[in-house]
Amino acid sequence: QQQRQRRGRRPPRSQQRAAGRSSAGAATAMANGGEPLVLVQFRPAWAAQAYLRLAGLRHEVENWRHPFSASAGALPQLRGRDRIVPEEEILRDLAARFVDLDERAGLTAAQRAQAAGFESIVRNDLALALEWSRWAEDEHYRRVTRKRLLEVLPFPLNYGWTYYQRKVVLFRLQNHLQHLSDEAAAKRVARRAYAALAEQLGDKEWMFGSKGPSTLDCVVFGHLMDALREPIGAIVFRRHPNLVQFCERLQESLFAHPTREIISLCKITNGPNMFTMGGAFNPKFDHSALKLSSWADEDLNESGEKDTDNDEETKRERDFREGSRNAVILAGGAIAAYLLVTNLISFRFQADGILAEDGEDNDDDDM
């Protein structure tokens, strides 16, 4: 009877779970100056996650199966107690209100200015080139991009949103961006940008030496985690192995095999991110999409221009040639069928198997 009385004084399990969640939230808030940090994402927000982990900030990552919030807009977003920070402002907000990695790494004013220039290249030129790689290449779109989204998004949103999103992205790229109006321009921009980043990194541990990670390291890592799984990644694999090694090292230390300290900083809700599961994510960077890619063709020189000395037939030229040949064959067949149907040419087979023209007489018997 006493044991029953003690059990009767225990709170229900739902209250126990709620208390656990509130205590975890309180711990997170205490670590971040009284404010809990929640990163809401559809695709993995690699740059923001890397910054939070490298800065030692406790946070929660909430994975959504929709690419946007009906009330707050596109994802990812960083949510605090009374504010919602969009993707392009997350790292600046974390640096201003919590931990500034650039200050911790000891970057000078000149290095900060240089980092801002590199960040602009990654967030603008390389981000747009990545969009070309992901959405514009028909073979890759059909085999990889569309397949991923159909698996991740719920039905029937997966079919409608995927079709609509491709139309929107291609229209924006082709009609509103003069310097990236076609795939060839995107390749040229990507080659030059990756060459600059690889030169800056060199054989160093971080983009600005061995003092420690900076914001630029997080931005470059976040881009490479996406780019190395798209056709654009073929440029990096073929020409810049130091960028590949940089990305692999951070992925290994922060996500694949993190320390207990890093694990204690992050809480994952709504299950694992769907883009990091199964066929939608390949940690080895050897996705079949790279085999289909023409982004690292040898007929393009270092500046991304067409090399006329080693000109190879492009896919568009090959399709035009094959289409012209098929048109000629069809036209010839149509003409032959017309002549046969209208009896302009007729043949008569005699009983002895000799072919003779109609109306011709055989005079051999009279002789």
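**Strands, salt bridges and a pocket**

Biologist: Which residue in E7 is the bridge partner of valine 61?

Modeller: Isoleucine 268 is the bridge partner of valine 61 in E7. The model is a predicted one.

Biologist: How do you know that E2 and strand E7 pair?

Modeller: Two strands pair if there are at least two bridges between them. E2 and strand E7 (residues 266–269) have four bridges, in the parallel sense, so E2 and E7 count as paired.

Biologist: What makes one face of E2 covered and the other uncovered?

Modeller: His59, Val61 and Asn63 make up the covered face of E2, while Glu60 and Glu62 make up the uncovered one. In a regular strand, side chains alternate between the two faces of the sheet.

Biologist: What is found on the two faces of strand E1?

Modeller: Both faces of E1 (residues 38–41) are covered. Val38 and Val40 are buried on one side, and Leu39 and Gln41 are buried on the other.

Biologist: How do you know that E1 pairs with E2, and in which sense?

Modeller: Pairing needs at least two bridges. Four bridges join E1 to E2 (residues 59–63), so the two strands pair, and they run parallel. Valine 38 has glutamate 60 as its bridge partner in E2, and glutamine 41 has asparagine 63. Between the two strands the chain passes through helix H3 (residues 46–54), and this β-α-β crossover is right-handed.

Biologist: How many bridges join E1 to strand E5?

Modeller: Three bridges join E1 to E5 (residues 77–79), and here the strands run antiparallel. With at least two bridges required, E1 and E5 therefore pair as well. Valine 40 stands opposite glutamine 77 in E5.

Biologist: Why is H3 called mostly covered?

Modeller: Nine of the nine residues of H3 are buried. Buried means under 20% relative accessible area. The buried residues include Trp46, Gln49, Tyr51 and Arg53. Just after H3, glycine 56 takes a positive phi of about 75°.

Biologist: Now the charged pairs. Why is the contact of arginine 142 with glutamate 139 called a salt bridge?

Modeller: The closest N and O atoms of arginine 142 and glutamate 139 are 2.8 Å apart. The cut-off is 4 Å, so the pair qualifies. Both residues lie in helix H7 (residues 138–152), three residues apart, which is about one helical turn.

Biologist: What makes arginine 142 and glutamate 139 partly exposed?

Modeller: The partly exposed range runs between 20% and 50% relative accessible area. Arginine 142 has 47% and glutamate 139 has 27%, so both fall in that range.

Biologist: Which other residue of H7 meets the side chain of glutamate 139 in a salt bridge?

Modeller: Arginine 143 does, at 2.7 Å from N to O. Arginine 143 and glutamate 139 are four residues apart in H7, separated by about one helical turn. An α-helix has 3.6 residues a turn, so residues three or four places apart point the same way. At 49%, arginine 143 is not over 50% and therefore counts as partly exposed.

Biologist: How do you know that arginine 148 forms a salt bridge with glutamate 230?

Modeller: The closest N and O atoms of arginine 148 and glutamate 230 are 3.0 Å apart, and the limit is 4 Å. Arginine 148 lies in H7 and glutamate 230 in the loop between helix H10 (215–227) and helix H11 (233–239), so the pair ties together parts that are 82 residues apart in sequence.

Biologist: Why are arginine 148 and glutamate 230 called buried?

Modeller: Arginine 148 has 6% relative accessibility and glutamate 230 has 1%. Both values are under 20%, so both residues are buried. Salt bridges with shared partners join Glu131, Arg134, Arg148, Arg172 and Glu230 into one network. The structure holds 13 salt bridges.

Biologist: Which residues lie nearest the centre of the largest pocket?

Modeller: Leu75, Pro76, Glu87, Arg134 and Asp226 do, out of 36 lining residues. The volume of this pocket is about 1200 Å³. H6 gives the largest share of the lining, nine residues. By class, 24 lining residues are nonpolar, four are polar and eight are charged.

How values were computed
Residues are numbered from 1 along each chain as its sequence is written. This is a predicted model: local features need pLDDT of at least 70, side-chain atom pairs count only at pLDDT 80 or more; totals for chains, interfaces and linings use all residues. Side-chain values use heavy atoms; hydrogens and water are left out. Buried means under 20% relative accessible area, exposed over 50%, partly exposed in between (1.4 Å probe, protein chains only). A crossover is right-handed if, with the strands pointing away from the viewer, the path from the first strand over the helix to the second runs clockwise. On a 1 Å grid over the protein atoms alone, a cavity is a set of points where a 1.4 Å probe fits but cannot get out, and a pocket is an open set with protein on both sides within 12 Å along at least five of seven lines; lining residues have an atom within 4 Å of a point. Grid points are joined across faces, edges and corners, and a volume is the space filled by probe spheres set on the points. Ala, Val, Leu, Ile, Met, Phe, Trp, Tyr, Cys and Pro count as nonpolar, Asp, Glu, Lys and Arg as charged, and the others, Gly among them, as polar.
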